[in-house]
Amino acid sequence: MNALDQQLLDVAFRALRPRRETRQERMLSYGIPPHMLDGLERYLVQRIKPGSFLQAVLRGDLVMAAQLADPANADRLQSYVDYLTAECPEECWGSPEAMRHWLAGPDYPCYACGRESTHEIRHRGDWLDACDACDVRGER
Ligand SMILES: [Zn+2]
């Protein structure tokens, strides 16, 4: 095999290797319209309040969501339900309380990642809230 063959093989392998889909690509695969991806991702990742249609979807008020839907969203309510059910933490959607609580943020955010902590760790004479994933020392 010469050098060019090897190069072509490398390119082919790179093209064929499965790539992890992004969150927005997952949303698209459920049929969520492209103009909704940023708003939904901001809600899920940064806990930023979305527009009124998405708020209705997220608090489980599908009648209101149907009334507020633009033409692209009108026949896609099932896509949101499927995506939320399959891929989103259940504490962030499904009722007005869940949405309010999600937007308010974690009660005791982990010092490192910001997610809800599970316990405290001792650090330089102080106590820090930490989650299991970030508490590499396993100290309780
Ligand atoms: Zn953490």
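The following paragraphs lead through the domains, a central helix, the nonpolar core and a hairpin of this predicted model.

The protein is divided into two domains, with domain 1 spanning residues 21-105 and domain 2 spanning residues 106-140. Between the C-alpha centres of domain 1 and domain 2 the distance is 29 Å.

Helix H3, residues 37-46, offers a convenient starting point. Its buried residues are Leu40, Tyr43 and Leu44. Viewed down the axis of H3, these buried residues fall within an arc of 90°, and they therefore line one face of the helix. A general feature of helix geometry is relevant here: an α-helix has 3.6 residues a turn, so residues three or four places apart point the same way. The other side of H3 carries the exposed residues Asp38, Val45 and Gln46. The cover over the buried residues of H3 includes helix H2 (23-29) and helix H4 (52-58). Just after H3, Arg47 adopts a positive phi of about 60°.

The discussion now turns to the core. The largest nonpolar core has 16 residues, and those that touch the most other members are Ile32, Leu40, Leu54, Val57 and Leu58. At least two residues of this core are supplied by each of H3, H4 and helix H7 (77-87). H4 gives the largest share, namely four residues. In general terms, nonpolar side chains tend to be buried together in soluble globular proteins. Leu40 belongs both to the buried residues of H3 and to the core members with the most contacts to other members. The surroundings of Ile32 can be listed in detail: leaving aside residues up to four places away in sequence, Ile32 touches Met27, Leu37, Leu40, Arg76, Ser79, Tyr80 and Tyr83.

Ala66 lies in helix H5, which comprises residues 62-68. Is Ala66 buried, exposed or partly exposed? A residue counts as buried if 20 or more other C-beta atoms lie within 10 Å of its own, and as exposed if 12 or fewer do. Ala66 has 15 other C-beta atoms within 10 Å and is therefore partly exposed. Ala66 is also 62 residues from Leu4 in sequence, and the C-alpha to C-alpha separation of these two residues is 57 Å.

The last element considered is a hairpin. Strand S1 (residues 119-123) pairs with strand S2 (residues 126-130) in the antiparallel sense, over five bridges. Glu120 has Asp129 of S2 as its bridge partner. The hairpin of S1 and S2 has two residues between the strands, and in this hairpin Arg124 takes a positive phi near 50°.

Terms used:
Residues numbered from 1 in each chain as written. Predicted model: local features only at pLDDT ≥ 70, side-chain atom pairs only at ≥ 80, totals over all residues. Domains from an automatic or database assignment. Arc of directions from axis to C-beta. Contact = placed C-beta atoms within 7 Å. Core = buried A, V, L, I, M, F, W, Y, C linked by C-beta atoms within 7 Å. Pairing = 2+ DSSP bridges.
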